[in-house]
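Here are some notes to go with your first look at this structure. Have it open on screen and take the points one at a time.

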Amino acid sequence: MTSSNSENKNRPVLWLSDDVAYIMDGKPFGDKWKATGISIDTRKIHSGDLFFALEGQRDGHDFVEKAFEQGAAAAIVSKNAQDYAGFGPVILVEDTFQALQMLGKASREQFGGTVIGITGSVGKTGTKEMMAGSLSDQGHVYASQSSFNNHLGVPISLSSMYSGHDAAVIEMGMNHAGEISVLSKMAKPDIAIITAVEAVHIENFDSVEGIADAKAEIFDGMDSSGIAVLNIDNPYFARVKASAQTQGLNKIYSFGENEKADARLINVIEAANGLRMSADVLGEKVECTLQYSGRHQAMNALAVLLASRLAGYDLQKTAKSLGKVEPMSGRGKIEKIDYGEKNNPVTLIDESYNASPVAMKAAFKVLALIDPGRGGRRIAILGDMLELGDDSAKYHADLALPLKASNIDFVYTCGSMMKHLHQNLPEHQRREHKDTSEELARIVPEAIAPGDVVMVKGSLGSKMKVVVEALRSHPQNLANKKG
């Protein structure tokens with residue numbers, strides 16, 4: 001769908017045609033233009049976007065015409081420029097991906113605000129959202145969209161910043177060693193946060209120490225004026241701190257429950273609808289209430305409080321604004337669904353975007369916190385955790401114990417790895433197992449009843465979102481049948 005003209009007018013101009021052509025050493029065809037956004041996907045394009053025809057599994061050049069139909073301001077292409085110029089203005093470059101990187105680097109070079117880079121095995125997207133949301137009351141803050149944290153997402157994020165932003169929060173992720181180093185050298189963070197180091201993407205590494213080293217690559221784009229914010233409670237704190245020092249950083253701060261932490265968590269009160277926490281941040285006492293559930297979220301908030309204070313923001317204002325930030329869909333968002341009894345709804349915890357052993361255990365604790373309604377039960381619907389390497393089967397089977405400890409009544413599973421958990425569950429907890437999430441989505445909605453608390457979790461590749469969508473649509477389907 002093409003964005004409205006009013007929406008386009010509300011977006012600041014990011015790029016002018018002459019500047020873009022100069023940065024990319026490209027050859028322009030057609031009229032001059034102004035771009036208000038960056039896009040590589042015509043399914044999500046907005047009017048005024050600059051479209052990059054990237055080549056990969058699908059050739060973006062096949063969608064140039066559609067991009068202009070959707071309102072693109074111009075397109076960056078690497079072939080057939082004169083043909084595409086019939087649809088709208090284009091710039092011809094040697095390589096569209098390299099052109100995207102060049103634009104991201106140029107944007108960073110001219111950006112005068114503070115860049116806060118965030119990485120970690122778990123918690124980076126939530127921390128990014130907390131950071132951006134909590135600082136927005138004190139200035140203009142840009143943040144990476146969704147989970148734009150890879151070789152494409154980071155240059156898109158950087159290219160989407162504009163000079164009026166006071167700060168930019170850039171998420172960086174990886175599957176292999178060396179990937180974050182490239183992103184960091186592009187983003188050049190002023191402040192770098194590593195939320196935690198865990199056995200995530202372990203199949204691509206020889207050890208968790210290797211993961212720690214890969215996360216520490218976030219320091220590669222920093223100089224001695226940079227600031228590192230690290231989790232002192234994490235077993236790999238000393239290792240990543242040493243990496244920061246090797247890179248020349250001498251401003252290294254810590255957060256956690258350890259009494260030596262620069263930002264120390266004093267107390268946490270957990271509830272079904274969030275948590276309340278108190279902390280000491282660089283000698284200043286602060287309290288805040290979060291809409292996020294789980295003690296691990298308090299640690300993410302602690303990192304935000306410390307980094308915001310180091311960036312020069314008012315700590316108390318940041319803490320107050322943190323309470324307004326809501327969890328994202330697929331990352332712990334809690335919603336109520338009317339399953340036929342308006343005053344006894346189903347509580348759905350949507351954790352369908354990602355999963356790892358540590359994230360699973362944290363999510364089980366959140367599920368345990370929420371009391372079911374009248375006649376309700378706690379139900380976990382789980383899909384495979386991916387990229388866990390040779391020990392994947394054991395990681396899945398070992399979830400049986402934390403599920404038991406969290407008083408989960410029933411567990412539904414899908415996927416080849418979750419089969420190992422299914423077989424390891426006690427009979428009273430074990431429910432259906434299916435090969436795919438689509439198969440599970442066809443049976444689970446019928447098994448849910450008013451008052452149930454239901455958590456859906458799995459890695460993105462497990463496609464657990466289809467289960468979430470099935471649960472959301474089920475009441476409507478029932479109504480249609482009755483009608």
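1. Let's start with a charged pair. Keep in mind that this is a predicted model. Arg 374 makes a salt bridge with Glu 341, and the closest N and O atoms are 2.9 Å apart. The two residues come from distant parts of the chain, 33 residues apart. Arg 374 sits in the loop between helix H13 (357–369) and strand S19 (378–382), while Glu 341 sits in the loop between strand S17 (333–337) and strand S18 (346–351). Are the partners buried or exposed? Arg 374 counts as exposed because its relative accessibility is 58%, and Glu 341, at 32%, counts as partly exposed.

2. How many salt bridges does a search of the whole structure find? The total comes to 23. Another one worth a look pairs Lys 188 with Glu 109, with 2.6 Å between the closest N and O atoms. Lys 188 belongs to the loop between H8 and strand S11 (191–194) and Glu 109 to helix H5, so this salt bridge ties together parts that are 79 residues apart in sequence. Lys 188 has a relative accessible area of 33% and is partly exposed. Glu 109 is at 54% relative accessibility, so it counts as exposed.

3. Lys 394 and Asp 398 form a salt bridge too, and here the closest N and O atoms are 2.7 Å apart. Lys 394 counts as exposed, at 52% relative accessibility, whereas Asp 398 counts as partly exposed, at 38%. You can also find a network: Glu 55, Asp 59 and Lys 79 are joined into one by salt bridges that share partners.

4. Back to H5 for a moment, and to how it packs. Helix H5 (residues 96–110) and helix H8 (residues 179–187) pack with their axes 8 Å apart, at an angle of about 45°. That angle is why H5 is oblique to H8. On the H5 side the contact includes Gln 101, Lys 105 and Arg 108, which meet Val 182, Met 186 and Ala 187 in H8. What mix of residues does the contact of H5 with H8 have? There are three nonpolar, one polar and two charged.

5. Now for the nonpolar interior. In soluble globular proteins, nonpolar side chains tend to be buried together. Which residues have the most contacts inside the largest nonpolar core? They are Phe 219, Leu 382 and Leu 403, in a core of 59 residues. Leaving out residues up to four places away in sequence, Leu 403 touches Phe 364, Ala 380, Leu 382, Ile 408, Val 411, Leu 421, Leu 425 and Gln 429. A second core, separate from this one, has 41 residues, with Ala 279, Ala 303, Leu 306 and Leu 315 among them.

6. Two loop residues show how the chain comes back to itself. Val 13 is in the loop between helix H1 (5–9) and strand S1 (15–16), and is partly exposed, with a relative accessible area of 43%. Between Val 13 and Thr 36 there are 4.6 Å from C-alpha to C-alpha, although they are 23 residues apart in sequence. Setting aside neighbours within four places in sequence, Val 13 is in contact with Lys 34, Ala 35 and Thr 36.

7. The other loop residue is Glu 326, placed between helix H12 (315–322) and S17. Its relative accessibility is 48%, so Glu 326 counts as partly exposed. In sequence Glu 326 and Met 130 are 196 residues apart, yet in space their C-alpha atoms are 8.4 Å apart. Not counting residues up to four places away in sequence, Glu 326 touches Gln 291, Tyr 292 and Lys 333.

8. Last, some backbone angles to check. Most residues other than glycine have a negative phi. Asn 407 is not a glycine, but has a positive phi of about 55°. Where is Asn 407? Look in the loop between helix H15 (400–405) and strand S20 (410–414); Asn 407 counts as exposed, at 52% relative accessibility. Lys 463, not a glycine either, has a positive phi of about 60°, and its place is in the loop between strand S22 (453–457) and helix H18 (465–482).

How values were computed: Residues are numbered from 1 along each chain as its sequence is written. This is a predicted model: local features need pLDDT of at least 70, side-chain atom pairs count only at pLDDT 80 or more; totals for chains, interfaces and linings use all residues. Side-chain values use heavy atoms; hydrogens and water are left out. Axes are lines fitted to C-alpha atoms, for helices over the stretch in contact, and angles run from 0 to 180 degrees between N-to-C directions. Helices (H or I, at least four residues) and strands (E, at least two) are DSSP runs, numbered from the N terminus. Angles under 35 degrees count as roughly parallel, over 145 as roughly antiparallel, 65 to 115 as roughly perpendicular and the rest as oblique. Contact means heavy atoms within 4.5 Å. Ala, Val, Leu, Ile, Met, Phe, Trp, Tyr, Cys and Pro count as nonpolar, Asp, Glu, Lys and Arg as charged, and the others, Gly among them, as polar. Buried means under 20% relative accessible area, exposed over 50%, partly exposed in between (1.4 Å probe, protein chains only). A salt bridge is a side-chain nitrogen of Lys or Arg within 4 Å of a carboxyl oxygen of Asp or Glu. A nonpolar core is a set of buried Ala, Val, Leu, Ile, Met, Phe, Trp, Tyr and Cys residues joined through side-chain atoms within 4.5 Å.
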